[in-house]
Amino acid sequence: MRSSKPCIAVLTALLSPALMFGGTISGKVTYTGTPAKQKPIDMSKEPSCAKQHATPVMTEGVVTGANNALANVVVYISAGADDANAPAQAVTFTQKGCQYGPHVLPMHTGQELDVVNDDQTSHNIHPLAKVNREWNKSQPPGTPPIKDKWDQPEFIEVKCNIHPWMHGWFVVLKTNHYAVTGDNGSFTLPNLPPGKYTVTAWHEPDAKQTQEVTITGNETKSLDFSFALKPY
Amino acid sequence: MRDTNKIRFFLATLGFAAAVSFAVAQDAPDVGPHPPAPPVLMESHIGHLVGHSQDAKTDYRRYCVGCHGELGDGNGENAVWLDPKPRNFTLATFKCRSTLTGTLPTDEDLYNSIGRGFTNSNMPIWNTLSNQQRADLVAMIKTFSPRWQKEKAGDPIKIPAEPPVTIESIAHGKALFTKLECWKCHGPQGKGDGPSAATLTDSQDQPIRPYNFAAGKDDSRFKCGSTNQDIYKIFMTGVDGTPMPSFADTIQPNDAWDLVHFLRTLQVHRHGKENDVLKAAGGKIPDYHDKSSDAPAQPNGGN
């Protein structure tokens, strides 16, 4: 009978992680001011991409939703959570219809990154890294994914020089506790053990805010961020 | 016994004193000028030449600092007047490499760049400096970015022996030029007027032009050397810091030679074996029909 106790403990841990890591930080990212007006992209120089879009694709420098919600904000634990190892599974950055999916891709340092070309045209993937190593590779259609990983935390702008409207971000973090806001601006950072955390919200190109949160147990702490946007 | 106790007491006191003085030193207010950071000493190795960064100080201050700046960040006092901008050595990103994109160049790559200068820029050919002076300057360049202390230079790419130029190799090169969409920037005739050409910027957001193969009579305008091997290297390793990507993952070594042969024919005014072969074939590049499986089947069979 004594030996069954650890088994139950393990089972409990496996079945209900919420009991072990109760803390959750969730909230909403909004904006004040006037967001920069996004423009329709003219893809006529690349017909194989243009025909994939019924309506013109808009630039994604600022993406907003109803009630002043701000999308594409990366919310992450910048201090307090242990620097967990990179997950074994890769993150994927897809080029489709001459657009990046997703526009903002967070990943852990050392995590494998797969860059996939689903288009019928060549792209060049040019991450403009400054802390990490800048590189620039061509990827013709039908070629295998380009695999890479980043050693240092950094917000890396990604460009395709052949299709200058293609623009995205690799967000390399030292944590696995991150979320990217969607059109409703909301985010959730679950599975946080008790402790004091610094939560950072980042929006391209270089807007950053931080707040401190203390998690004491099985609770959900609410946390909101607001970015002041300028129309230019 | 008493003696050992004395010694123990003495050592303990000494340790305590050391700890206190260390703590005091840590808490000392931050006043006065800081002593200069200990200089990073670097070496370079080019063949039998060994360069030493500390020996390049005078030359760097005399010849380089005006554009590349004291900190090597490309912000020398002349920089505002220059286009293209002087290289920022603190980023350790270099155009002319024999190594893969994203890796550090070899010492020899940097040495050759100094000796060759950069066409269409204010970087002259430093043939007034001795080989030793240039080697020392290479070592100096390596002091400006910590990457040189943490990483080794990349391995130079392997270049197989150049096969003979034939009209077939030129035709295959042309097919690659089309398929790999080199023309998107360089233009169908290699005049640097492709559909994306006008939008290009380098990694510092400065406008930059794709290479115009057709202009000029000779090879002097190639930035990273003008031999066939140099051209092979340029597109395989990419020109880091610019829109020109690396094709090392996508072009097979012998295919790369075919592309070199075709690129030479874009230099329409150049006298060389490639244009001779083209002329002998009637001046027209025939259509290329791929016999391998990766080409889509031609519905009408071609010829």
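This report describes the confidence, the interface and one sheet of a predicted model.

Residues are numbered from 1 along each chain as its sequence is written, while chains are lettered from A and ligands numbered from 1 in the order in which they are written. Because the model is predicted, local features need pLDDT of at least 70 and side-chain atom pairs count only at pLDDT 80 or more, whereas totals for chains, interfaces and linings use all residues.

The model scores ipTM 0.81 and pTM 0.82. For chain B the mean pLDDT (the predictor's confidence in each residue, from 0 to 100) is 87, and 83% of the residues of chain B reach 70 or more. Two stretches of chain B are listed below, with contacts counted where C-beta atoms, placed from the backbone, lie within 7 Å.

| Stretch of chain B | pLDDT | Contacts beyond four places in sequence |
|---|---|---|
| residues 20-28 | under 50 | 0 contacts |
| residues 293-303 | under 50 | 3 contacts |

Between the chains, 23 residues of chain B are in contact with 19 residues of chain A.

In chain A, 5 strands (DSSP runs of E, at least two residues, numbered from the N terminus) form an open sheet of mixed pairing in the order 5-11-10-7-8, where two strands pair if DSSP finds at least two bridges between them. The edge strands, each pairing on one side only, are strand 5 (104-108) and strand 8 (137-139) of chain A. Strand 7 (residues 123-127) of chain A runs antiparallel to strand 8 of chain A and is joined to strand 8 by 3 bridges; Asn124(A) has Ser138(A), in strand 8 of chain A, as its bridge partner.

Key:
Helices (H or I, at least four residues) and strands (E, at least two) are DSSP runs, numbered from the N terminus.
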